[in-house]
Amino acid sequence: MFIDRAFTVDDANLSTVNRTYTPEEWNCFGAAEHDRAAGVLIDYEGIVIRAALSELNALVEYELKWVAKSIYQQRYGSHRTSKSKLSRKKINEIHQIIEQEFQIQLKDLPGFAEITNMRRVINAYKHDDGYSGQYEPFLTVAIEKKYELDLQMVKQYIEAVRSFLTALPGERLNLGQDVRIKQIRS
């Protein structure tokens, strides 16, 4: 819904891009006005796509963390490991906990490969302006490629996240049920 609503906004920039200019208007101010509006819309599209991918990635990480925490809670009455609190930064540890508990390989669940790629893409945009770490030869140098973003990609990742989370075993988060407590020492 977020994606659909974001791309149905009709504003001055869209009107400018769709406007028909007379040759005189185009020569006087139309080309610059059109280019500026097109640039704004392209930037807007990138922001919307990155926001959607970031939220999808956060949702997957949060659900994985939730499943791992529930495993520890059932076993030990706590979600703390002997080492430290589970966090999204410890994604490999979280994967191991879930895989051991349910005797599965997360990589075998539907959508896992796409989710791994989505994580790679969004982290590249978050930390390195979208650069992929892959280079293509160009004349006498190699040029680093950027990940391309498009609306179809987001729709594919939404479906991959849906498939993965549906197949993920374990106790699921019921929205609104995530309560954090802290013991207060008196």
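In which strand does Phe138 lie? Phe138 belongs to β1, which covers residues 131-138. The model is predicted.

The chain contains 6 helices and 2 strands. From the N terminus, the order of elements is α-α-α-α-α-β-β-α. Of its 186 residues, 31% count as buried.

Phe138 contributes to a nonpolar surface patch, together with Leu139, Val141 and Ile143. The patch has a combined accessible area of about 440 Å². Phe138 itself has a relative accessible area of 48%. Phe138 is classed as partly exposed because this value falls between the 20% and 50% limits.

The structure holds 4 salt bridges. One of these joins the side chains of Arg119 and Glu61, with an N to O distance of 2.0 Å. This pair connects distant parts of the chain. Arg119 sits in helix α5 (residues 112-128) and Glu61 in helix α3, 58 residues apart. Arg119 is partly exposed at 27% relative accessible area, whereas Glu61 is buried at 10%.

A salt bridge is also found between Lys146 and Asp129, whose closest N and O atoms are 3.4 Å apart. Lys146 is in strand β2 (residues 141-146), and Asp129 is in the loop between α5 and β1, so the bridge ties together parts 17 residues apart in sequence. Both partners are partly exposed: Lys146 has a relative accessible area of 35%, and Asp129 has 47%.

The side chains of Lys145 and Glu136 form a further salt bridge, at 3.9 Å from N to O. Lys145 is partly exposed, with a relative accessible area of 30%. Glu136 is partly exposed as well, at 43%.

Helix α3 also carries Ala68. The relative accessibility of Ala68 is 0%. Ala68 therefore counts as buried, the limit being under 20%. Its C-alpha atom is separated by 8.1 Å from that of His95. Along the chain, Ala68 and His95 are 27 residues apart.

The second largest pocket has a volume of about 280 Å³. Three elements each give two or more residues to its lining: α1 (2-6), α3 (23-76) and α6 (151-167). The lining includes Met1, Phe2, Ile3 and Asp4. Ala51, Ala52, Glu55 and Leu56 are also among the lining residues, as are Val154, Lys155, Ile158 and Arg162. By class, 8 lining residues are nonpolar and 4 are charged, with no polar residues.

Terms used:
Residues are numbered from 1 along each chain as its sequence is written. This is a predicted model: local features need pLDDT of at least 70, side-chain atom pairs count only at pLDDT 80 or more; totals for chains, interfaces and linings use all residues. Side-chain values use heavy atoms; hydrogens and water are left out. On a 1 Å grid over the protein atoms alone, a cavity is a set of points where a 1.4 Å probe fits but cannot get out, and a pocket is an open set with protein on both sides within 12 Å along at least five of seven lines; lining residues have an atom within 4 Å of a point. Grid points are joined across faces, edges and corners, and a volume is the space filled by probe spheres set on the points. Helices (H or I, at least four residues) and strands (E, at least two) are DSSP runs, numbered from the N terminus. Ala, Val, Leu, Ile, Met, Phe, Trp, Tyr, Cys and Pro count as nonpolar, Asp, Glu, Lys and Arg as charged, and the others, Gly among them, as polar. Patches are made of residues with over 30% relative accessible area and no salt bridge: like charges are joined within 9 Å, nonpolar side chains (Val, Leu, Ile, Met, Phe, Trp, Tyr) within 5 Å. Accessible areas come from the Shrake-Rupley method with a 1.4 Å probe; for residues, only the protein chains shown count as cover. Buried means under 20% relative accessible area, exposed over 50%, partly exposed in between (1.4 Å probe, protein chains only).
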